[in-house]
Amino acid sequence: MALLPVTLATAAAAAILNIWLMTRIGAVRQAEKIFVGDEDSEPLVRRMRAQANFVENAPFVLILIAAIEITGKGDPWLSYVAAVFMLGRIAHAFGMDGGSLGIGRMIGTIISMLTLLGLAIVAALIAARVM
C-alpha cells in the first residue's frame, strides 16, 4: 500500500499541470518573439499570472492534503477535493486567456478559495480534536 496516495497523486497532477502552464507561456513567448520579461504583452502577462497564481495556491493545498491524510481523516472525500481543485486550476488557466473562456478564471478562483478554506477548517478541527 502506498504511503499518502492522495498526496502523491495530487503532487503528480500539480507537477504535470505546472509543466502545462509553462508550455503555454513558452508558446506565447515563441509566437511573439519575447524571450526575456513580458514587453507589456497582455497574452504573455495573463499566462505568466496563471502559472504564478497556481504556484501561489498549490503548495498550501498540497500541505493541507498531506496533513489531513497523515491523520487518517481524509477517506474517501479527500481525493475528490484534490481532483476538484485541479479542475478548478485548469479552468482558471483557460479563463486567464480571456475571451469566451474568461468565466473560467472566476470559477477557478472560487474553487481554489473554497478548497483552501475547507481544508483549513478540516485541519483546524482535526488539530482541535473535534473530528
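Reader: Where in this structure is M106 found?

Author: Happy to start there! In this predicted model, M106 belongs to helix α4, which covers residues 103-127.

Reader: Is M106 buried or exposed?

Author: The idea is to look at relative accessible area: under 20% is buried, over 50% is exposed, and anything in between is partly exposed. M106 has 45%, so M106 is partly exposed.

Reader: Which residues make the nonpolar surface patch with M106?

Author: M106 shares the patch with I103, I107, I110, L114, L117, I121, L125, V130 and M131. Together they make about 910 Å² of nonpolar surface.

Reader: Now to the rings. How is a pair of aromatic rings described?

Author: By two things: how far apart the ring centres are, and the angle of the planes. Searching the whole structure turns up 1 aromatic pair. Its members are W20 and F94, with 5.2 Å from centre to centre and 65° between the planes, an edge-to-face pair.

Reader: Which parts of the chain does the pair link?

Author: Distant ones: W20 sits in helix α1 (residues 5-32) and F94 in helix α3 (residues 77-96), 74 residues apart. W20 is partly exposed at 26% relative accessibility, and F94 is partly exposed too, at 34%.

Reader: What about T7: buried or exposed?

Author: Use the 20% cut-off again. T7, in helix α1, has 13% relative accessibility and therefore counts as buried.

Reader: What is T7 in contact with, leaving aside neighbours within four places in sequence?

Author: L62, I65, A66 and E69. For A66 there is a further detail: the T7 side chain reaches the backbone nitrogen of A66 at 3.5 Å.

Notes: Residues numbered from 1 in each chain as written. Predicted model: local features only at pLDDT ≥ 70, side-chain atom pairs only at ≥ 80, totals over all residues. Heavy atoms only, no water. Patch = residues over 30% accessible without salt bridge, like charges linked within 9 Å, V, L, I, M, F, W, Y side chains within 5 Å. Areas by Shrake-Rupley, 256 points an atom, 1.4 Å probe, with all protein chains shown as cover. Salt bridge = Lys/Arg side-chain N within 4 Å of Asp/Glu carboxyl O. Helix = DSSP H or I, 4+ residues; strand = E, 2+ residues; numbered from the N terminus. Buried < 20%, exposed > 50% of the residue type's maximum accessible area, 1.4 Å probe, protein only. Phe/Tyr/Trp six-rings, centres within 6.5 Å; stacked < 30°, edge-to-face > 60°. Polar contact = N/O pair within 3.5 Å; in protein donor to acceptor, adjacent residues only side chain to side chain. Contact = heavy atoms within 4.5 Å.
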